[in-house]
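Open the model in your viewer and keep the selection tool at hand. We will go from stop to stop, picking a few residues each time and looking at what is there.

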Amino acid sequence: MASHHLLAHIADPSDVKDTVSTELASVRVPMLRELSLPVPVVTGRTRLREVERSFLDDPDLRAVAVIGDGATALLTRLHLETMLSGRLGFGRALLSRALVGDIVMWNGAQFPADHTLRDAASEILARGLRDDDVLVVDADREPVGIVPVAVIFREVGLVFREIALRDQLTGLPNRRMLDERGAELLANGVDPGRMAVLYVDLDGFKQVNDTLGHQAGDALLLAFSRRLAGAVRPNDLAGRLGGDEFAVLLFDVDDGEATAVADRIVEVAQHPFSLHDTQLRRSATVGVAMGADLGVSSSVLSPLDALLQHADGAMLHAKRAGKARTGRITEPEATGAPERRALIRLRLPEALQQGRLRLHYQPKLELRSGQITSVEALVRWTDEQLGQVSAGELVAVAENTGHINALGDWVLHTACAQARRWRDEGRNWSVAINVSPVQLAAPGLASTVLAAIDAAGIAPQLLQIEVTESSAVLDIDQASEQLHELQAAGVLVHLDDFGTGYSSLAMLRRLPVSTLKIDQSIVGRIDSDQADAELISGVISAAHILGLTVIAEGVERPSQLERLRSLGCDSVQGYLIGRPQPALELDDPRSMMPAQRS
Ligand code: C2E
Ligand code: MG
Ligand code: MG
């Protein structure tokens, strides 16, 4: 009886969901207490000379905490040096008489130890604090320690990244994280020949979704993801690629070991799953690809891409052979997978020359006015041999082959011409273009953009530039200089994919941007995960204080829209508002009204 009860409990999909969000909430935002460095404490009556001595004796000493009558303060090395330099009225001559309490700012910026990083980051941005360190105090205002401001911003960046690198439903690493970890390990000398990828597909998943509903489908994916994680070895990396497809990265294995892990996954998938009080039997098919099989023929693909593609081929092969098994193909040709990237590389120059590329435009909705104010241009290419080539694939290849500049120029001119056409029709939509890190690194970008605006005869305000965090980080000085020039001319710069790069908030202090665009991986959880909603709320308030506006991308559900609205987000973009479409189809305003979509 008891065990039946337990099963029923586990099988309830809403319960399982709860477990998931607690798990994701384990992407925890640390509290200041945990990051505090110890700090010496002195009283306000201590002689300044004595404290100066301590700083001289210990070059690593950043600051001392000062306590007085019911008040606390922080004396940093920088502050002391400024005071003693004479410019502020205290010369060294006064040193013999002065007390520490005379030069500190009592009850200045102090942060409670139980504040989270998010609280601290928004407050620092809000107050425009210039100090390098902040004082952390406990409930009785006793000093606990100091935290460098740089650490606060770095940690906030890491929390965002952690969220963006995990699959929303299962909490497993997502494709992006697999890519990053794979590349990292290869760069650190892992033997590519002894690397393997398992491509795991759950058989008959769609049927569960269709007959039992999405909740049951989610619960099944979750239960399976747990088994998968339990079936691999501690050093293997199991992740979810999307839908019912998973991948496992194995390092330092031979053929036999990789196949053994694959067989174990096939095995654990066969035990019944309990969903909705029903026992459900499913199976999994696994494709195995060994680094050693690939040789040099795949040099245009990243090793992980090549392995995934190969393992995918092996999995499909095994499915055709009857599912619930491990597939292994040793010759790359046998997978029948064309080297897509190589083909893209080959056909792109001609497509550019012959004008085969198109731009689609996706509306951005300003929440306050309920108006479409701007549209984002996204490149589209359908090739007769390749079929649809996604913007991501296309841009990645163009960046690697140097075609990105020609592509970027074409996008720029096409977008400006379109903005002009809309203006002439009386629609004042600005057009946002995406600019690749490679373009941003080339010094001529700002003048090229301004020349294109000029040629089209539009106001600079009608063009916006979206840059990604990673691109800005690549060469921050070069990027910053070009972006300053553009902003000064009236071209607004948006920071795209915000929350997926490092030290996000800290960068805002250095880059001239007008708008933050919160990445869809974070927006995707805003209506289900409280911790994420809180993070976003902190980011939005910090951004507003800095005079920036905030747009959220990838908004697909009304619940996300409502949440964003209540958090004070300025604009939204996503399938709920409108999909990217050719300019002509955008003319129908009904296609942009959320209420008209199902
Ligand atoms: P991005 O700039 O962050 O663009 C957002 C992507 O999310 C677009 O994918 C868009 O179609 C998609 N999207 C929009 N709303 C939703 C939604 O509600 N749900 C979901 N799941 N997706 C949504 P797309 O067009 O495939 O572009 C991918 C990326 O490729 C872009 O990310 C951008 O970084 C890059 N890209 C696109 N066009 C260009 C271009 O002309 N030049 C450069 N350099 N990069 C481009
Ligand atoms: Mg964009
Ligand atoms: Mg984006």
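Select strands S17 (residues 430-434) and S18 (residues 463-468): these two run parallel and are paired over 4 bridges. Strands and helices here are DSSP runs numbered from the N terminus, with at least two residues (E) for a strand and at least four (H or I) for a helix; two strands pair if DSSP finds at least two bridges between them. Click on Ala-432 and look across to S18, where its bridge partner is Gln-464.

A word on what you are seeing: this is a predicted model, in which local features need pLDDT of at least 70 and side-chain atom pairs count only at pLDDT 80 or more, while totals for chains, interfaces and linings use all residues. Residues are numbered from 1 along each chain as its sequence is written, chains are lettered from A and ligands numbered from 1 in the order in which they are written, and side-chain values use heavy atoms, with hydrogens and water left out.

**Next: strand S18 and its other neighbour**

Stay on S18 and add strand S19 (residues 492-498). S18 and S19 are also joined in the parallel sense, over 5 bridges, and Val-467 has Leu-495 in S19 as its bridge partner. How many residues of S18 are buried? The count is 6 of the 6, so the strand is largely enclosed by the rest of the structure. Buried means under 20% relative accessible area, exposed over 50%, and partly exposed in between, using a 1.4 Å probe and protein chains only. Colour Leu-463, Ile-465 and Val-467 for one side of S18, then Gln-464, Glu-466 and Thr-468 for the other, and you will see that both faces are covered.

**Next: the magnesium ion, ligand 2**

Now select ligand 2, a magnesium ion, with its protein donors Glu-376 (OE), Asn-434 (OD1), Glu-466 (OE) and Asp-496 (OD), which lie 2.1 to 2.3 Å from the ion. Donors are N, O and S atoms within 2.8 Å of the metal (3.2 Å for Na, K and Ca), and water is not among the atoms, so sites may look incomplete. Along the chain these donors follow the spacing E-x57-N-x31-E-x29-D. Asn-434 in S17 and Glu-466 in S18 are 32 residues apart, a pair that links distant parts of the chain. Glu-466 is buried at 1% relative accessibility, whereas Asn-434 is partly exposed at 29%.

**Next: the magnesium ion, ligand 3**

Which residue coordinates both magnesium ions? Select Asp-496: it bridges ligand 2 and ligand 3, which are 4.3 Å apart. Asp-496 lies in strand S19 and Glu-553 in the loop between strand S21 (549-552) and helix H25 (558-566), so this pair ties together parts that are 57 residues apart in sequence. The protein donors of ligand 3 are Asp-496 (OD), Asp-497 (OD) and Glu-553 (OE), with Glu-553 (OE) listed twice, at 1.9 to 2.4 Å. Asp-496 is buried at 5% relative accessibility, and Glu-553 is buried at 10%. Pause on Asp-497, found in S19, where phi is near 50 degrees, a positive value in a residue other than glycine.

**Next: helix H19**

Select residues 445-456 to pick out helix H19, which has 12 residues and reaches 17 Å from its first C-alpha to its last. That is close to the 16 Å expected at 1.5 Å a residue, where the expected span is 1.5 Å times one less than the number of residues. Its buried residues are Leu-445, Ala-446, Val-449, Ala-452, Ile-453 and Ala-456. Look down the axis of H19: the buried residues fall within an arc of 130 degrees, so they line one face of the helix. (The arc is that of the directions from the helix axis to the C-beta atoms.) They pack against helices H17 (404-424), H18 (437-441) and H21 (476-489), and against S18; contact means heavy atoms within 4.5 Å. On the face turned away, find the exposed residues Asp-454 and Ala-455. After H19 comes Gly-457, with a positive phi near 70 degrees.

**Last stop: the sheet S4-S5-S6**

Finish with the open sheet of 3 strands in the order S4-S5-S6, whose pairing is mixed. Strands S4 (110-112) and S6 (143-148) stand at the edges, each with a single partner strand, so one side of each is left without a neighbour in the sheet. S4 runs parallel to S5 (residues 133-137), joined by 3 bridges, and Phe-111 has Val-136 as its bridge partner in S5. Then select Arg-141 in the loop between S5 and S6, a residue with a positive phi of about 65 degrees although it is not a glycine.
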